[in-house]
Structure formats: structure tokens, C-alpha cells
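Hi everyone, thanks for coming. I'll walk you through a few spots in this structure, so have it open in front of you.

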Amino acid sequence: MVKYEQKVVVRLQVNNETYEVAVRPSDLLLDVLREQLGLTSPKPGCLNGDCGACTIVVDGLPAKSCLMLAVEAEGHSVLTVEGLNGSAPIQKAFIDANAFQCGYCTSGFLMVCHALQMQYPTMPEECVVEEWLQSNLCRCTSYNEIRKAVHILYHQQDNKYQK
Amino acid sequence: MIPFDFAYYRPESLQQAINVYQEYETRGQQAMYYAGGSEIITMCRVGNIHPKAVIDIKNIPECKVLYQDNDYLHIGSVCTLHQISKSNLFPLLKLCCGRIADHTNQCRITIGGNICGSIIYRETCLALLLCDAEITIFGKDGFRRVRFDSAFHQTLQLQSGELLVSIHIPTWALTARHAHLKKTTNEKIDYPLLTAAALWKDSQIRIAFSGLYDYPVRSVEIENALNNSSLLVPQRIQEAIRCAGQVRNDVEASAPYRLFVLQHTLEEMMEG
């Protein structure tokens, strides 16, 4: 049985690298990623699981890192925008669609869209896209452009396969 | 951040989990079973609760099951709403799960957490109240398996240290006619002004509500009114509304407005 009663060193698998970090059992994954690993793409927003600015991908599914303990991430694969290395198709699609204004929500949306593509290699029904995107808020209201980016993402991929 | 410390345990068995719980209880300290964690983390962060320990039950095999045999669909308490929806094994429960919080949170929220948490809506309970579901509970005296509706009275009645292990859905319910309507005040993703779930058995409607009262409820009186074939459908609905009695009256909606929404929801459901 895992038993952590005070500050402890845990191994986290983040962006395909292994990190050893000293955490309190009550430390949030969001805080550990940002303050200990220097991965600042997950943004603190509502800290309540509503806004999605802190979204990361855990084992292929989106997760709000403000609602996850760092110690829970042990043994799981964590991915943040830094792990996309600027070369993920969704990042290009966001640029092509101008899918941001202030940009604060962007990393959360990128991770949701990236996870969507991992779960649905081909374009899912529109209602699925809508359902996934509804997990995040954009107060600049770039919603149409973000949805357009998802379409560009799958369109780019279709073209790639056709070539 | 959570502004205080607690201990974290991740047991591999039910007995280990309950041992830790009892250890803290003996010391007069609070330990909490922890699965998806969204509610516990939020409440810790804002200072509503101060547990000395959380016991993460996600590694306990009995709590992780999701399979169907000849008689039942078995769902472990730490199955996430996303897992349940994706399995598509119980369509009515899938609909309930799909309208709780948002999709990303559905990947974390567990069915056990939705049933046992403190948020009053507990919308997965609606499907369970309608289908004669049974649940397995583990406590210091071992396992007990009971009907869900006999253990759920406004909240799940668990004894100190007991934890919900799994849920068992009779197979007839998996293919039964069903309906699910959720009405919110503004946004699609919100707590329910009113959620109604219905399941038909032997051509009789069974119906349960969330948001109508301070707890989810299956109403036999409303069912009797809706199944009264001596009345026309509009008369049945009026009778059903009369049976609803005193409903929630809060900042989200006044009681008369909730009854107005109830009327239209029942009309929609009976037409469908």
C-alpha cells in the first residue's frame, strides 16, 4: 500500500521525461507542474475545475490539473503543451484558424483538442467535438475559431493520408 | 493550493482501506475515501473540510470492475462517468453520466463519488433508483449486498467506515425503453433546474427527478398518476404535478417556475 504521511519524493512521468520531485501529499498537480517543474503551460484560472485553463492530458485523456493531487500522477503519463514541442498538428491548426486572442485559455484548449485527436483518429461527429470543447472557457469568445481549428486539424490529416 | 497537510494512502485491497479508516477513527481523526477527488480537493482548498488523511481507493480491484454477465451489469464505484458512457452498456445511465459537469471532468468523476459526494443532485442515482439496482458495500463486518433503493434515502446510508464497492444493474434495464431530460437555467453545463429520467417496465413508466427537491427521488405517486390509463395524458400530467408537492424554491428558480418546467418536461417525456 502506498502511504505518504509527510513530504515525499515521487517520480512523475511528464512529457516523456521522468522527474523526481518533493511534494506534500496535498500538493496539487497544477502547482507542482508550474512551480517545481517550470512547466507553465497549465494555467491557474478558476482553480475549481470549471474553466479548463489548467487542462493537461493524463494517459490519453484530458484532466484538469487543479483537481488532481501530484501524488496521484505517479505511474501515469502526463502531457502538457511543452510536450507537444511546438510541432503538434493542433498547434499549427490553431495558428491557421487564428484561434486565440489573449491566449490564456489556449494551452488548455490545445490539450483538449490533442486528446480528442488521440481518442478519435478520424473526425468524430460534430456533437462529440462540441462536447469535448465545452469543458473549457474562453472569455475572449474565440469559440468559432477554436472549433474551426479542430476542423482544420482533421482536414490536414485527411489530406496527409490522401497524399 | 490546499493550505494544509493530509496523509495520502493508496491501498490495494478493501481491508487495507478500512483498516486505515479505522486507525484514524480510533484516534478521533477524520479520514476520507477518495476516488476522483474533485469535490474533496475543492472543499479542502476553500476550507470546508480538513481531513487528516485521504484514502485513494482507485487501486482496489473490486472497485474497478466493469463487465456484464447473464444477470447483471457490474460497475465498480471508481469507474469514471466517461468509462461508463463509453462502454455504452446501460443507455439510461450513459445519458445521466453525459450531463454531469463537463467532458473533461467526466474523465475524473467516479460513479461512487457522484453517489456519495455532497453535491445534492447526484444524477447517476436516477438511473439506479429506476432499475432495481443493487449495491455491494464493504465495512468492518465484511461485504453486504442490498437494493440501492433500500439504502438510498436522500443520501446513501453508509455506516461509519463503510465504502461503496460496486453497483449491479439487472440486465432487463439495459435494453428497456428510457428517456432523460435535463433542464438548466442558462448554460448546458450546469446543475439541474430539473433532471427527469424515466425507464419503462411492462409498459409502465418509472420516473425519478433531480433538482426538484433537495435530493434525487423516485416518486411512486407521480408514476401512478402518469400510468393511470383511465385519464387522458394532459390530465395525468396535472395529477402528477399535484403529487409533486412542495418543490425547491431557491435563487436558481422559484417553486412555481420549477413546477412549470416539470409540466413541460413531463409533456415532452410522455409525447416521446
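So, helix H10 and helix H11 of chain B: how do they sit relative to each other, parallel, perpendicular or oblique? Keep in mind that this is a predicted model. The axes of H10(B), residues 233-244, and H11(B), residues 255-271, come within 10 Å and cross at roughly 140°. Angles over 145 degrees would count as roughly antiparallel, so these two helices are oblique to each other. And the crossing of H10(B) and H11(B) is right-handed.

Who makes that contact? On the H10(B) side you'll find, among others, B:Val233, B:Arg236 and B:Ile237. From H11(B), the residues include B:Leu259, B:Leu262 and B:Met270. Sort the residues of the contact by type and you get nine nonpolar, two polar and two charged.

Now look at B:Glu271, which lies in H11(B). Is B:Glu271 buried or exposed? Its relative accessibility is 70%, and the cut-off for exposed is over 50%, so B:Glu271 counts as exposed. Here's a nice one for your viewer: B:Glu271 and B:Val233 are 38 residues apart along the chain, and their C-alpha atoms are separated by 9.0 Å.

Okay, over to the sheet. It's an open sheet of four strands, and the order goes S1(A)-S1(B)-S3(B)-S2(B), with mixed pairing. Which strands are at the edges? Those are S1 of chain A, residues 2-4, and S2 of chain B, residues 31-34, each pairing on one side only. On average, neighbouring strands here are turned by 15° against each other, ignoring direction.

Zoom in on where the two chains meet in that sheet. S1(A) and S1(B), residues 7-10 of chain B, run antiparallel and are joined by three bridges. If you want a pair to click on, A:Tyr4 stands opposite B:Tyr8 in S1(B).

Next, what lies across the chain B strands? That's helix H1(B), residues 14-26, which lies across S1, S2 and S3 of chain B and runs at about 155° to S2(B).

Last stop, helix H2(B), residues 38-45. Its buried residues are B:Ser38, B:Ile40, B:Ile41, B:Thr42 and B:Cys44. Part of what covers them is the sheet we just visited: S2 and S3 of chain B are included in the cover. After H2(B) comes B:Gly47, which has a positive phi, near 85°.

That's my tour, thanks for listening!

Conventions
Residues numbered from 1 in each chain as written. Chains lettered and ligands numbered in written order. Predicted model: local features only at pLDDT ≥ 70, side-chain atom pairs only at ≥ 80, totals over all residues. Heavy atoms only, no water. Pairing = 2+ DSSP bridges. Axes fitted to C-alpha atoms, helices over the stretch in contact; angles between N-to-C directions. Contact = heavy atoms within 4.5 Å. Buried < 20%, exposed > 50% of the residue type's maximum accessible area, 1.4 Å probe, protein only. Parallel < 35°, antiparallel > 145°, perpendicular 65-115°, else oblique. Left-handed = near helix turned anticlockwise from the far one by under 90°. Nonpolar A, V, L, I, M, F, W, Y, C, P; charged D, E, K, R; others polar.
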